[in-house]
Amino acid sequence: MSGAVVVRCPAKVNWSLRVLGRRADGYHELDTVFQAIDLHDVLEAEPSRGITLECDDPELPTDRRNLVVRAAEALFDRGAARGASGAALRLRKAIPTGAGLGGGSSDAAGTIVALDRLWGLELDRATARRIAVDLGSDVAFFLVGGTARGRGRGERLETLPFLGEVPLLLGVPPFPLSTADVYARHARRLTRPDDGVSVSRLSALKAPEEKDFGPARNDLEVVVFEGWPELGRFREALVREGATRALLSGSGSAVFGAFEDDRAVERAAAALHERFGAWRLLPARGVRDAVHLVAGGDLRSSR
Ligand code: C5P
């Protein structure tokens, strides 16, 4: 697409995720540390009539069920006020869906950045953030990127010092998990005595990392590893293969490990490939990026 606005939409992992309780609005109060990673989708936008979405993954809906379309709709009136008649959006997916890697949320944040540029909206930060938060709990993080702490639904963000380009290995099992379903299981469990702590203690943790990243704990592991034990086994295998930290990402289904260097990632991937043949193993690393323009307009002012 010549002349198109092109936006890179990074994935994320969670260095930790504490679920503090259930709120009156049905959401869960969180304290989490997000990390943007180099795995990314690419979103392109061109002027058009109405809003259309094409996606290279035939499994994904291209109607209002897709957060990209909902984000575009949320901005449409502002665009029309500036004379725009619509946008043709194309999404090239690399981030697995239903994996807790934030792909849909990042694509939605990318849509805000792309259409802001395409339609000349000149959204201020607070407005972009408000639109993002209305779309989903994780969307605002992708406007910030890097390393950030998220509280509330995950949308109350505080930028943290970038933790570096930590080498990671992501393991994606051959099935997605529904965020809403995982939280619902967690909520049911909260009403029972807390016998899940021992599972959390399986967390792989060596002392130096704890100081840098906070405790390696994702409170959703209790219910996810109970329901899908292979995910817990994968995490244990990551630790055995040298991960300094290994955790479920978000509400899953991806499980990731942090390693000393790229060689260690390669060695672990080779060993895990033997045992978890149906899983996708994706090397990645932490990045400072938020969603950002890579073509179309003045790139510097978009960051
Ligand atoms: O905000 P988002 O639409 O991404 O959340 C998807 C679902 O995950 C929510 O409908 C809710 O069931 C659950 N959720 C939650 N607490 C959060 C974030 C998500 O219960 N902090």
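User: I would like to learn how to read strand pairing here, so let me begin with one residue: in strand 4, which residue is the bridge partner of E46?

Analyst: The partner of E46 in strand 4 is A88, and I should say at once that this is a predicted model. A single bridge is best read together with the pairing of the strands concerned: strand 2 and strand 4 pair in the antiparallel sense, over six bridges.

User: In which sense do strand 3 and strand 4 run, and how many bridges join them?

Analyst: Strand 3, residues 50-55, runs parallel to strand 4, and six bridges join the two. One bridge in strand 4 has L89 as the partner of L53.

User: How many of the seven residues of strand 4 are buried, and what does that say about its surroundings?

Analyst: Here the general idea is a threshold, since a residue counts as buried when its relative accessible area is under 20%. Five of the seven residues of strand 4, residues 86-92, meet that description, so the strand is largely enclosed by the rest of the structure. Strand 1, residues 5-22, reads in a similar way, because 14 of its 18 residues are buried and it too is largely enclosed.

User: Which strands are joined to strand 1, and by how many bridges?

Analyst: Strand 2, residues 28-47, is joined to strand 1 by 16 bridges in an antiparallel arrangement, and within that pairing A11 stands opposite I37. Strand 1 and strand 2 form a hairpin with five residues between them, and in the turn G26 has a positive phi of about 90°. Strand 12, residues 292-295, is also antiparallel to strand 1, but through three bridges, with V6 standing opposite A295.

User: Within strand 1, is N14 buried or exposed, and with which side chain does the side chain of N14 make a polar contact?

Analyst: It helps to recall that, in a regular strand, the side chains alternate between the two faces of the sheet. N14 lies in strand 1 and counts as buried because its relative accessibility is 2%, while a polar contact of 2.7 Å joins its side chain to that of K12.

User: How far apart are the C-alpha atoms of F256 and V13?

Analyst: Separation along the chain and separation in space are to be read as two distinct quantities. F256 and V13 are 243 residues apart along the chain, yet their C-alpha atoms are separated by 7.9 Å. F256 is found in strand 10, residues 255-258, and counts as buried, because its relative accessibility is 1%.

User: Turning to the pocket, what is the volume of the largest pocket, and which residues are closest to its centre?

Analyst: The largest pocket has a volume of about 1,100 Å³. Of the 43 residues that line the pocket, L67, S105, D138, T179 and A180 are the closest to its centre. Strand 1, strand 2, helix 1 (67-81), helix 2 (103-118) and helix 5 (179-190) each give two or more residues to the lining. By character, the lining divides into 17 nonpolar, 19 polar and seven charged residues.

User: Which residues surround the ligand, and which side chains have an N or O atom at 2.8 Å or 2.5 Å from a ligand oxygen?

Analyst: A list of surrounding residues is best followed by the individual atom pairs. The ligand is surrounded by G26, Y27, H28, L30, G136, S137, R153, T179, A180 and Y183. The side chain of H28 has an N or O atom 2.8 Å from an oxygen atom of the ligand, and for the side chain of S137 the corresponding distance to a ligand oxygen is 2.5 Å. With R153 the atom concerned belongs to the backbone, an N or O atom lying 3.1 Å from a nitrogen atom of the ligand.

Methods. Residues numbered from 1 in each chain as written. Predicted model: local features only at pLDDT ≥ 70, side-chain atom pairs only at ≥ 80, totals over all residues. Heavy atoms only, no water. Buried < 20%, exposed > 50% of the residue type's maximum accessible area, 1.4 Å probe, protein only. Helix = DSSP H or I, 4+ residues; strand = E, 2+ residues; numbered from the N terminus. Pairing = 2+ DSSP bridges. 1 Å grid on protein atoms, 1.4 Å probe; cavity = no way out; pocket = protein on both sides within 12 Å on 5 of 7 lines; lining within 4 Å. Points joined across faces, edges and corners; volume = space filled by probe spheres on them. Nonpolar A, V, L, I, M, F, W, Y, C, P; charged D, E, K, R; others polar. Near = heavy atom within 4 Å. Polar contact = N/O pair within 3.5 Å; in protein donor to acceptor, adjacent residues only side chain to side chain.
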